[in-house]
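Grab a coffee and work through these exercises on a ligand site, the cavities and a couple of backbone angles. Each task comes with a step-by-step solution.

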Amino acid sequence: MKYQSTRDSRVSVSAAQTIAQGICSNGGLFVPEDFPRISEAELSGLVKMDYRARAALIMRKYLTDFTSEEIAECTSRAYDSRKFSGGVPAPVSVLKSGISFLELWHGPTCAFKDMALQILPHFLTRSLKKIRADKDALILVATSGDTGKAALEGFRDVEGTKILVFYPQDGVSAMQERQMRTQEGSNVSVVAVQGNFDDAQTGVKRIFTDEDVQKQLAANGMMFSSANSINWGRLLPQIVYYFSAYCDLVTSGTIPLGQEIDFCVPTGNFGDILAGYYAKKMGLPVHRLICASNANNVLTEFLTTGVYDRNRKFYTTISPSMDILVSSNLERLLYDVTDRDDAKISGWMKQLSETGRYEVDSATLAKIKEVFAAGFCDDSETKEEIKRVYEADHYLCDPHTAVAARVAREYREKNGSSVPIVVVSTASPYKFAPDVLSAVSPESDAAGDVFRAVEMLSERTGTEVPKSIAALRTKPLRFSEVCSKDGMRDAVLRIAGKRS
Ligand SMILES: *Cc1c(COP(=O)(O)O)cnc(C)c1O
């Protein structure tokens, strides 16, 4: 299997090269040249497997320059049951109201980013060996909160790598910030940027393609790599849990094999939901993918009107991992629905970077609408939904998941849909305890103390606090550097120059 660039379909590189490089040098994103089909017989085989085996089977189809043994080793290390609370990486909870939740937050950092970032370091270090890059990788990450922590945890003390995470100074939750600033490991650094997530992401993209920085890195025996959701090595593992959720629903007797289902996905950078689209292309019986956004509803508008316009007010919400105005992975969807029209994609992306806006043609929009629906809600509606789900089903969801739960419910009501639906649940409610607590129990007052809120939420709901969150309380803060948008480059050069 070879990989192309969304901005030049003549590019043809191996999976190892794709993963090692992260982003194409022309600014495009790597995509596989085709999407292997999973037959119904294979799907029925997957039903009988555990998560690790499902992951290995699906990923083998794309990582053709890896041996089966290598892939099996990566999956069994990444999805070791000891790393996931309850022992299962991606369990599905079927509520009595008929909606199911695919819980992707049982990993070490309590958010769905673990599903990809526990395995990416294994893929990446092997990829670097395969392409004979005798350089260490400097992993640059811009995070809206959850990626940073999950990447730090995935890469900590991984030989041949250093990792530097930039997060928006006022754009992450108190818990997310604490998780990052207490990170352990000899190869990790964390810096706050004065700006929002888009500023951090734009800064990282710019530094990535800065030839002068690349030269200085090479002189120190290093090269850049990315753990952001634009890396194919992040996207691929996410395809797996769509298949896995489907198989689990078959096993539990919720659906018969072959029945089409909907997924509703809380969306930011469009990585998670794009993996669902790829699963559908591979033959998973998916009816609709419903894209759920918060008040930063640029995707709702795009998926309904075909106009992408980032020139709008930026809202800081209680679902910060979705506070994004430029959803990078959308470029991959556009490439696919235009039948790989690289010139068209390059044009739209140029308009986006120059004017902040582009509009797709009606044929493209129609193709998108065959598969995607979209909706959004604001913070007060999100809190209402947390309360509603808790009261109806005694099920606690975090704000990101609640956005999707609400959009899913409204979608079903509006369309009179009886298609079984899975809401993708992306974070533990304890990661956002103050907001979840005030939603289920407005009279509770944690007096601005996140750990008090964690305690009260557990007392109030009788649910268990994840171990990694309970442990944060007493961990020392290791990082406190803040830089301006223009200071990011210097921060990178400083890390690159440091001997580990
Ligand atoms: C990252 C994240 C999202 C958004 O996922 P994308 O792949 O960026 O669309 C949603 N919820 C949570 C909790 C996240 O961490």
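A residue counts as near a molecule if one of its heavy atoms lies within 4 Å of it. This is a predicted model, where local features need pLDDT of at least 70, side-chain atom pairs count only at pLDDT 80 or more, and totals for chains, interfaces and linings use all residues. Residues are numbered from 1 along each chain as its sequence is written, and side-chain values use heavy atoms, with hydrogens and water left out.

**Exercise 1.** Work out which residues are closest to the ligand and how the shell divides by class.

Step 1: list the neighbours. The ligand has 15 residues around it, and Lys-113, Asp-146, Gly-268, Asn-269 and Thr-426 are the closest.

Step 2: sort the shell. It splits into five nonpolar, seven polar and three charged residues. For these classes, Ala, Val, Leu, Ile, Met, Phe, Trp, Tyr, Cys and Pro are nonpolar, Asp, Glu, Lys and Arg are charged, and the others, Gly among them, are polar.

**Exercise 2.** Find N or O partners for oxygen atoms of the ligand, then say how much of the ligand the protein covers.

Step 1: try the side chains. An N or O atom in the side chain of Lys-113 lies 2.5 Å from a ligand oxygen.

Step 2: try the backbone. A polar backbone atom of Gly-268 is 2.8 Å from an oxygen of the ligand, and for Asp-272 the backbone distance is 2.9 Å.

Step 3: check the cover. On its own the ligand has 380 Å² of accessible area (Shrake-Rupley method, 1.4 Å probe), and the protein covers 97% of it.

**Exercise 3.** Describe the cavities and locate the ligand.

Step 1: fix the term. On a 1 Å grid over the protein atoms alone, a cavity is a set of points where a 1.4 Å probe fits but cannot get out, and lining residues have an atom within 4 Å of a point.

Step 2: count and size. There are two cavities of 30 Å³ or more; the largest holds about 290 Å³, and the second largest about 80 Å³.

Step 3: place the ligand. It sits in the largest cavity, meaning more than half of its atoms lie within 2 Å of the grid points.

Step 4: read the linings. Helix 12 (271–281) contributes the most to the largest cavity, with three residues. That lining has nine nonpolar, 14 polar and four charged residues. For the second largest cavity, helix 9 leads with four residues, and the lining has five nonpolar, three polar and one charged.

**Exercise 4.** Which loops hold Arg-340 and Ala-447, and what is the sign of phi in each?

Step 1: recall the norm. Most residues other than glycine have a negative phi.

Step 2: take Arg-340. Its phi is positive, about 65°, and it sits in the loop between helix 14 (330–337) and helix 15 (342–355).

Step 3: take Ala-447. Phi is positive here too, near 50°, in the loop between helix 19 (433–440) and helix 20 (450–461). Helices here are DSSP runs (H or I, at least four residues), numbered from the N terminus.

Technical notes
A polar contact is a pair of N or O atoms within 3.5 Å; within protein, one must be able to donate a hydrogen and the other to accept it, and residues adjacent in sequence count only if both atoms are side-chain atoms. On a 1 Å grid over the protein atoms alone, a cavity is a set of points where a 1.4 Å probe fits but cannot get out, and a pocket is an open set with protein on both sides within 12 Å along at least five of seven lines; lining residues have an atom within 4 Å of a point. Grid points are joined across faces, edges and corners, and a volume is the space filled by probe spheres set on the points. Helices (H or I, at least four residues) and strands (E, at least two) are DSSP runs, numbered from the N terminus.
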